[in-house]
Amino acid sequence: MSSVVGSGRGAVTRRRLLQTGGGLAVAGIGAGALKLPFFDAPGAQQDPASCVAGDVSSSDSSLIISNWTGYIDPRKKEKGTFQQFEDSRQITVSYTDDVNDNAEFYAKVRNQLGACEPIDRDLIVLTDWMAARMISLGWIQPLDKAKVPNLHANLIAPLRGRQWDADLSYHAPWQSGLTGIAYNAAQVGEVRSFDELLHRADLKGRVTLLSEMRDTMAFVLKVQGADPDDFTPEEWENAIEELRKVVSDGQIRSFVGNDYLNDLAAGNVVACEAWSGDVIQATFENPDIKWVVPEEGLALWSDNMLVPNLATHQANAEAWIDYYYEPEVAAKLAAWVNYICPVDGARQAMEKVDASLVDNPLIFPDEQVLAETFDFMPLDDRQSQEYEREWANVTGG
Amino acid sequence: MAETTRRKGRVGYLLILPGGLWLLLFFAFPFYSLVATSLYDPSGSDFRGYEMSYAFGNYVDVIRDYWQPMLRSLLYGATATFFCLVLGYVLAYAIAFKSGRWKVLLLVLVIAPFFTSFLIRTLSWKLLLADDGFVVDTLQFVHILGADDRLLATPFAVVAGLTYNFLPFMVLPLFASLDKIDYRLIEASGDLYANPVRAFFKVTWPLSLPGVVSGTLLTFIPAVGDFINAEILGNTNTRMIGNVIQSLFTDANDYPAAGALSVILMLMILAMVIVYVRRAGTEELL
């Protein structure tokens with residue numbers, strides 16, 4: 001029995017080999033004339049005005065949120081911001097921390113949002129450049145100004161007037177942060193600049209950089225003397241060439257998403273590019289881990305709340321946004337997550353929550369620090385794709 | 001008479017139907033979509049849409065840009081498969097012939113790692129091979145490793161991770177074919193004055209070939225396409241083809257290039273498997 005099956009399979013293999021070759025030849029010849037059916041891929045752009053679901057907030061008091069991990073105070077705590085929101089607004093929130101990576105989340109929702117289908121979420125939280133991209137793809141619903149008065153009144157000045165949504169029609173920053181450097185003082189002498197991460201010999205092979213292109217390239221551009229807010233294609237070429245050289249020299253151990261601090265604490269990595277809030281949290285556990293403001297400066301970014309097309313509880317989402325822009329609530333949240341609080345007045349409110357954090361420059365940076373931060377210039381679609389591919393080639397061996 | 005033959009024929013087709021539908025739905029259809037994607041105009045994007053321009057140039061481009069990770073994947077996959085075979089054969093042999101009443105327990109132990117997630121198992125290798133960990137410290141102490149050498153984030157760590165993660169896929173088919181061997185044949189070879197080495201190569205090894213072939217295939221194919229091990233245990237110069245495809249797809253949104261690479265990977269593996277199965281002369285054994 002088994003031998004019959006066996007020889008049958010062998011014959012198929014031989015035949016299939018011939019068929020594959022023949023098939024490829026036919027495909028090659030007929031290619032110009034044929035048009036493959038079913039898989040035309042039109043653009044994913046949508047018009048938010050026509051991708052609206054009826055808002056059922058008034059009859060169905062629920063709200064579905066997708067956020068990054070570790071980005072909210074404990075939800076079970078009675079006096080926590082989350083419980084208080086549910087109790088005071090009579091809204092049941094289903095909160096999931098399923099955003100790990102902007103690009104990954106984009107890949108997850110692309111087919112639905114690109115085809116004007118619901119993703120069954122009312123509020124998602126994404127970083128500036130991804131927020132900008134989704135807004136320009138028409139995947140995001142405009143917010144009702146009248147329902148988010150606190151946002152317009154209390155957002156801190158440095159986060160206002162961003163090029164991609166200057167009047168806050170579509171986004172509300174959830175938390176903000178700085179990109180800088182962290183190092184393990186038990187392992188290595190002080191690290192002062194990004195330039196040292198790229199070139200210092202005693203760091204060789206023990207440095208990690210962040211895997212999002214804009215995070216890292218902003219600094220490489222700075223090291224090269226270019227302005228990440230406004231650079232030319234030549235400057236980009238120089239910067240990516242420089243990085244290519246550094247990578248092939250073995251200076252960089254890896255490009256990492258979220259898990260770089262474990263390696264730093266374990267001593268596998270001695271210095272890394274890092275996000276401010278992560279470093280504060282790590283410093284509590286391991287005082288050898290130090291945060292550094294690089295000589296090149298700091299990059300300021302924020303993760304933004306967005307209401308996707310076809311969300312069915314927009315009014316509830318707006319209630320959530322408005323609630324988290326109350327200074328007392330924002331202070332409580334900031335005391336827990338340790339990122340930069342985007343809400344004016346939260347610093348005063350923090351005195352009652354945790355006085356030791358009032359003067360923490362990584363939660364409430366002074367205006368001079370914020371004035372000197374830089375951002376990555378908005379890229380058009382074609383540039384973005386080209387740069388991302390070059391970036392993938394350099395970081396992807 | 002003719003009637004029954006026809007009915008038998010129809011029954012045959014009916015029996016193929018579920019499998020055929022399954023293949024159509026989960027293989028032919030996605031594969032067609034993948035090939036179509038790989039031929040889109042490379043200038044497409046989510047903003048402008050993707051135009052089908054039969055851009056066979058995509059294939060040339062990705063081979064030119066990514067031949068290194070491609071070769072590296074084959075090399076790592078083959079090395080890991082080799083180590084799996086050596087380690088797995090010894091283990092499967094011991095379980096099949098020498099374990100006595102512990103046989104079931106040992107088999108459970110082989111499968112036990114599957115109770116934990118693939119990711120956790122790979123992450124635990126980071127602890128094992130950490131720069132200040134026991135293994136590296138010991139090897140440095142006996143001067144096998146220099147004071148500044150490391151194991152984590154090297155090709156060694158990636159191959160070790162691949163070997164570890166795919167070892168059960170090698171052990172189980174090997175065990176299945178070794179266990180079926182009639183031990184009297186080995187005893188008979190001894191009666192005919194074959195020493196144990198000769199008996200192994202003349203009797204045990206040939207009879208275990210079906211297990212060797214399916215074990216190596218089950219290890220090599222997923223190992224070549226794997227990207228988790230290189231991602232977690234490797235460095236910037238150990239990226240495998242899976243990592244490239246992943247980053248082209250999710251980060252660069254370059255679906256045509258990612259598609260072309262995937263098709264090439266599939267064809268490459270298919271070709272190698274065909275040659276391998278032929279050369280091993282095991283068509284009858286499978």
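This passage describes the largest nonpolar core of a predicted model, a buried threonine and a pair of packed helices. Residues are numbered from 1 along each chain as its sequence is written, and chains are lettered from A and ligands numbered from 1 in the order in which they are written. Because the model is predicted, local features need pLDDT of at least 70 and side-chain atom pairs count only at pLDDT 80 or more, whereas totals for chains, interfaces and linings use all residues.

The largest nonpolar core (buried Ala, Val, Leu, Ile, Met, Phe, Trp, Tyr and Cys residues joined through C-beta atoms within 7 Å) holds 163 residues, of which A330(A) and L261(B) touch the most other members. Its largest share, 13 residues, is supplied by helix α6 (residues 155-180) of chain B. Helices are DSSP runs of H or I, at least four residues, numbered from the N terminus. Beyond four places in sequence, A330(A) is in contact (C-beta atoms, placed from the backbone, within 7 Å) with Y324(A), Y325(A), C341(A), V343(A) and A346(A).

T81(B) lies in helix α2 (residues 57-98) of chain B. T81(B) counts as buried because it has 25 C-beta neighbours inside 10 Å, the cut-off being 20 or more, with 12 or fewer for exposed and partly exposed in between. Outside four places in sequence, its contacts are T216(B), T219(B), F220(B) and A223(B). T81(B) and A160(B) are 79 residues apart in sequence and 11 Å apart, C-alpha to C-alpha.

A160(B) is also among the α6(B) residues, with A157(B), G161(B), Y164(B) and N165(B), that meet F118(B), R121(B), T122(B) and W125(B) of α4(B).

Conventions. Helix = DSSP H or I, 4+ residues; strand = E, 2+ residues; numbered from the N terminus. Contact = placed C-beta atoms within 7 Å. Axes fitted to C-alpha atoms, helices over the stretch in contact; angles between N-to-C directions.
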